[in-house]
Structure formats: structure tokens, C-alpha cells
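User: Could you walk me through the metal site and the ligand pocket in this one?

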Amino acid sequence: MSDTATPTVIRREDYAPPAFLIDTVDLEFDLVPERTVVKSTLRVRRNPAARHADNLELMGEQLEFIGAAIDGTPYEHVRTQEHGLTVLNVPDAFTLTLTGACDPAANTTLSGLYVSSGNFFTQCEAEGFRRITWFLDRPDVMSTFTVTLRADKTQYPVLLSNGNLIEEGDLPDNRHFAKWEDPFRKPSYLFALVAGKLVALEERIQSGSGKEKLLQVWVEPHDLDKTRHAMDSLIHSIRWDEQRFGLELDLDRFMIVAVSDFNMGAMENKGLNIFNTKYVLANPETATDVDFANIEAVVGHEYFHNWTGNRVTCRDWFQLSLKEGLTVFRDQEFSAAMSGGDENEAARATKRIEDVRVLRQMQFAEDAGPMAHPVRPESYVEINNFYTMTVYEKGSEVVRMYQTLFGRDGFRKGMDLYFQRHDGQAVTCDDFRRAMADANGRDLAQFERWYSQAGTPRIAVTTRYDEAARTYSVTLSQGYGNGSAAARETQKGPLHIPFAIGLIDANGADLPLRLEGEASAQGTTRVLEFTETQQTFTFVDVAARPLPSLLRNFSAPVIVDYDYGNDELAFLLAHDSDPFNRWEAGQRLATRELLALAARAAAGQPLQMSDALVSAFSRVLTDASLSPSFRELALMLPSETYLAEQMSESDPAAVHAARQFVRKQLATALKADWLAAYERNVTPGAYEPTPEAAGHRGLKNLALSYLSELDDPADAVRLATAQYDAANNMTDRAAALSALLNAQAATGRDVARAALEDFYARFEKEPLVIDKWFSLQATQRGTAERPTIETVRALMRHAAFNLKNPNRARSLIFSFCAANPAQFHAADGSGYAFWADQVIALDALNPQVAARLARTLELWRRFTPALRDKMRAALERVAAEVKSRDVREIVEKALA
Ligand code: B3K
Ligand code: ZN
């Protein structure tokens, strides 16, 4: 099938075990950029658990066939096709040798074997291994691998692959070789090799059981000074997984390699993780607090995959969330633990709030559009399109709900049973759920719907206080509201929802909770098991009407509809003992105000703001009992994208006007408090990426950003200029530049120019910092005289711009299309035309990156009619021109 024919839909219900198994794989590479020859020797046998097949069908793409042999004898009965190779009439068990070649230098897709900065790298998940050699490239075929790499010794002094190095030496003609052996069976998607001029930071540690382990972080020589944090993060990850889950590193050596051309964040190849430089390299001058935290999270995530993904892998790609949802949950718990210890609830809440923000902004939107799919999808055209927020983030929420239901100990029991049963296997989401159910003696049949139903559940809450009976009843009703058609198709019945609740008295104290039928009160937060369409829970012994604190700590990935009054929200923001719900109350208050203002802006009415939000925010800002990081989160307004999605018709211009208006009001009314917060949160001395110091910087820089909204931003310009000049770290420098750009847009005066030029000159040799330089400009506010699209178009012609580098493409194009809604959705449609040009250009180079960009228009039907028509036209142009399966799946679903 060629890519332009009708695309094949792969369905979960069609799963069949492979007709053959491959027990061992021996690979020999002669690495040459333009033509790498790969000899693959496979021990193959018929799968006793599958239907008989005469022929062996292997997948292969973009490969040149050189020859085949069976049991050492050349074999002619081989047919090659565009997407694979068939070996005809094979015996029951045999050794197959296939020799082929590929062209890594010409591989701009960054899938398979490719060259970046003169070095070789691989990316095999999901289906890249077939671009290296012919194979049963599916995760339920697990084999042990040995790999021999041969290459020029000067050009490629370092030769790495999975597992342990068992031999190395010189060859004639200035060449050398290295032979690697991975003792663990693995699917082909976990294969990796790296070859080139790299250096490593090394550390030796003892694992929990006392075995010596060699840890390495490999980078280009000039980046060696930016590896310490990644190494520390790796060591912390190893220790945390030992303590929390009793899981040890199983190899003698664990390597991380950084590469600057990479489609996503990182990849968990067995023993040889390959990372986007963005998630490895950091020092105070080049990386922000957010970068430091992201590196820790991604290093943890990939390391944790060693057990959840590699030792136990997925039977098929529909089960992707089995490893991704679980591993995201593990990395979230790890980051929470690192930010304040496993038991510090306030510090954990900060991480929880950040994660929920992402979920609500990105996953809820995905679930409301044409790409909506269950955590375990039913079908796909291109699997790379299903590495989604739903599979990752909602998948993580589903895993978290087991822990909410069974507690940390019960969850651990389930994990232990999962590994006891399935170590070394390729399994399904059902297997994981069964382990959790069996370990905790619970029936989780209904819980399965979390895996099979798409869409965001909505829970309507009504309450009733009976003064005479001293009872308080909470009635919960669940449904899905009116989500997308794609989601509705999957919805069959009510979910099993852990709904955490607390009741608060007039003084702001938690009430002890006793449900009808219980002998005594137990605790002040109760996880209700909500399993029916509608259910009433009655609390007894309630002396006065309480205020409910609903869905504490966001105990399920749902939307809660409850009609709080503004004063009630302000009260919760001031008193709720659940830090997540304190934050939530403030967000509800702000969202309500912002949406009302957006409606007025859309109708051309003048904007006016109530006092409720100003006084609530003022209390938070000046409440010294709250941590700076909590205050920062609570004082941050919901994003424009999130707000636009809450409107019946998304109107980015109206949302922008409303949000800017509120920012300016808050800046003006609280000016003195912002200035005081700025002064009080400076962090003198050497930079430290600790959560505490980062919290101070975060609040200080938020204050600066509000101050830059003032009609006369002279204070902000003065502070930002001084901060820029004096900064000893990237967090402060970038925040200062951002505030200057904001003030520049507001005043029309060139106040940011000098800093912008300095920034470029200072960091010209640091690609990750230059990405920030592009991104700050792409997300800046535009003015009538200079809309941001003009800046972006000019930057596309900048010498440092390179469409082939995904980080650079993301820093300019994605930042503009996905993170600057008011400018991107300009009424003249210029943003959409630009988007279409870039999707089409990327489609020819790198379909995976192109498909990600294509997704930024998928919610087009939800916008105002004038924008909708222009978006449709852009989508239709793209649909007519693109060739890749990846982009076609996205635009065809969007237009369907
Ligand atoms: N498993 C990889 C993602 C692979 C994406 C393929 N398109 C990284 C991760 O989730 O850890
Ligand atoms: Zn992952």
C-alpha cells in the first residue's frame, strides 16, 4: 500500500498472536551515513499459540534488499514489497539471515536510524525498527539481542547499544567495533544504538541489594558542564523506585544519551535511554527552574519504564497506556516526593495542581474534539498519533484512582502482584486491572469502563441540609454532557468514580464525617465510591449547614458542576484544608469572572469587574502562611486556551480582551502588594534549583509580569531591566525579558530591544536557549502596528531557524500556533494560512512533527462562525496536499 492510498485502519478487536516467534536477534552494523549495511540473523520458530502460516511476513520500510539465507544457505524464495518482505515456505524452526541497507543521512523523519550533528542515533518506538531491518516489528515478539557496531574510529569513537559491552577492538582501515549483549528479552521498539563523538559524565553506585552499577550521561563535548542535574535525577530515580516499589536496576550499566534532533522528549530503550537535549542539559545560566524540574521528571519517567514498559511490556499498541499511564503516574509521584518528601501534603499539592492544569487544558480539550479516544483506543491509522494526552495523562489519572481507592499500601500490593505474574511478558490493561483487583480482593469489572469510554465525565452535585434531622445529603449524578461524536460512540454506562469529599463548618474547620449507618465518625475526607448514574450519600450528626469541599485533590478526572456562590468560593479559597481545592476555588472564581467579561467583550460592551476576585486575590497574595509556589499557582489566571474552550463558541479575541483587562485590574488594584511580593521574594546568592528557591522566583516573576500590565509600566521596566542585567540564572533572565516584551507591546516603545539583542548574542552557541529566544517572541502580544505573525514570518528567515530541527520548529511555529491564541486566531485568517504552509512543509520532512502541528486546528468546529470558515479552508488545503498517513489521519478526522 502506498501512503496515498486509502489508509488502513488497525482495530483492537482484530488482534491475533504472531504466526512466528523470534527468540534471538544478532545484528551487525557497518555504519556509514549514506549507506549503512545491516546484517540481521534471527532464530525463528512457528508460534504454537497461533494459526499456521506457510510464509513468514516481515515488516520493512525504506530498505534496500541485499540478500537472504536460511540456515546458512542462500535462499531465493523471498519477495520484497514497499512495506515488508515475505519469506516463502519456511520450515518450523530456522535461522534466517537478512542483509539490507538504509540511508541514515537522508532520514529526516527521525524514526529508524538517522544522523544528527554527525552522530548516529535510533528511534524505534513505535514502528521505527522496520526502517533499520526487516522484522516482526510488534511488541508481543520479544527476543534477546546481540549487536555488533563497526565504524570509522576517528568519526565515531563511541559505539553504544543496549545492555552490556562484551567485546571491542580495532579493525583494518582505521575502523573499530563494539559488541553489545542485552541479557533481557525485549520487543524491537526498545532496540537502540548510538555512535559518534560523545563524552560522558560517569558515576558508580551500589544498588539496594549491593550490586555495583555504572551510570553514564553521554553528550557532545561542549555540553559536559550541563549533565550534573540529569545524573542526580537518575540517582534519585533509582533510589525512589527501590524505596517506593522495591524495584531495582537490573543491568550493570545504565546510559542516557542526549541528541538535539529528536521528535519527542525521550525514549526508554533498554539500558540506553536516548533523550532530547532539552530534557538532559541544564546549568543555572541556560536552564530555568521549569527546565530543571522537567529534566528530573523525564529522567525519572524513562528510568521507571525499565520496569513498567520494558520488563513488562505491551501486548499491542492499543495497550500503550498500560506502560505510559502507569509510568506518568510513577513520575508524578516521584516529582511530588522530590519536591518535599513523600509525606509533605502541601508540597505534593503544588505538583498535583500543575498536573491537573495540564490535564484540564490539554486532555479535556482532546476529549472534546475529533481525536477523542478511550485510554485504550479501539482503532488507529498511525499509532504515532496516539501518544496522546489521553493515553498519558488521563491514563495516569486512571492509575491514580486505584491508589485513591486502595491506599498506597493496597496499590503497592497490586504492583507486586502485577510483576509477580507478568515479568518478562507482553500484556494488556486488563491484566493490570486484574492484578489490582486480586491483590485487594475487589471486583473491578465496572472500573474497566475507564479504559473503554472516551469523553470527560461530568458530575452534577446537589446538596440538602435537614436541620431537624441534622443530616446533610449529597446527591451525585454522572453523565458526559455533550461531548464530541467520537467520544459519544464509546459511552455505555456509569463509571466507578472515587469521589473525595469534605465538609467545612462556618469557621472553616473540617467536620468529622459519619455516613448514615456508620457507628462513628471517621476522618475529615471521605472517598465516596460513586458507581451508579445517580447516588445520594447522607452524612449524619451535622449541626449546621456545612460547605462541601468536592472532589478533593482531584480524585477523578471529571468535571464537577456545583453552584457555589462567589462568597462561598472566596471562603473555600481562604479556608479549605485541602490545598488542591483552595486553588480550585480561586480558579472557579476567576473563570466565572473571566467568562462573563469575555461575553461582554464579544458583545462589544464595556468591561467592568466586581470586587470579589480582587479581594480574594489580595488575601492570597499577602497570606504569608501560604508557600510562595502555592501563591504563584493560585494567582495565575486560567489560560486563554482553557477559557476559550469553556465558551459555547470559542472567541479568542474576546477571551484575550477579558483576560488582559483582569490582569490590568489586578495589577492596578494590588500594585503595592505586587511590588512588596517582588522585593520579598528575591533570591540572592548562588542559584539553587530547589523547590523552595524556585517558589520564590516564581512568585517574584509573576509579580513582575502583573506589574508589566500597568498603564504606566515604568516600575516593571526598571525592575525587569535591572533583573535582566544582574541575573545569574536563566529563570530570572527569561522572566525579565518576557516582562520587557510585554511592556513593549503595551506601550509601543522599544523597551525590550536591547535585552532581546543581548540575549541572542550571549547565547548564540546554546541551541536550547536560542529556542527560548524564538519562543518568547512567538508568544508575545501583538500590536495593531505589528501583529505577531509578522515577527514570526521574519524569524522564519533568521539564519538560526531550521525547520528540520523539531525543537526549533516547536520553539517558533508551535509556540505561535498553540500558545498565542489571540494572535494565531487573527480575524483575517493569516495565522491559519501560515499554519497550513508549515504543516505542508513539515509533512515532507517529518510526518510525526507535522501531525502534531496539524492537531492545533482540530477544535475548529467550536469557534465562532467567521473563524470556523477560515479554519476549514486551511484544513481542506492541507488535506489536499499532504501525503503522510500521520497528517492525513488528523486532518481527515478533523474534517469528517
Ligand atoms: N515511549 C516514548 C514515546 C515514543 C513516541 C513514539 N512516537 C517516550 C516515553 O513515553 O517515555
Ligand atoms: Zn513513557
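Analyst: What follows covers the conventions, then the metal site, then the ligand pocket. This is a predicted model, in which local features need pLDDT of at least 70, side-chain atom pairs count only at pLDDT 80 or more, and totals for chains, interfaces and linings use all residues. Residues are numbered from 1 along each chain as its sequence is written, chains are lettered from A and ligands numbered from 1 in the order in which they are written, and side-chain values use heavy atoms, with hydrogens and water left out.

User: Which residues coordinate the zinc ion (ligand 2)?

Analyst: His301 and His305, each through NE2, and Glu324 through OE coordinate the zinc ion at 1.9 to 2.0 Å; donors are N, O and S atoms within 2.8 Å of the metal (3.2 Å for Na, K and Ca), and because water is not among the atoms, sites may look incomplete. The sequence spacing of these donor residues is H-x3-H-x18-E.

User: Is His301 buried or exposed?

Analyst: His301 is buried, at 7% relative accessible area, where buried means under 20%, exposed over 50% and partly exposed in between (1.4 Å probe, protein chains only). His305 is also buried, at 0%.

User: Switching to ligand 1, how many residues surround it?

Analyst: There are 15 residues around ligand 1, and the closest are Glu125, Glu268, Glu302, Asn384 and Tyr392; a residue counts if one of its heavy atoms lies within 4 Å.

User: Which side chain has an N or O atom 2.6 Å from a nitrogen atom of ligand 1?

Analyst: That is Glu125, while a polar side-chain atom of Asn384 lies 2.8 Å from a ligand 1 nitrogen.

Terms used
Polar contact = N/O pair within 3.5 Å; in protein donor to acceptor, adjacent residues only side chain to side chain.
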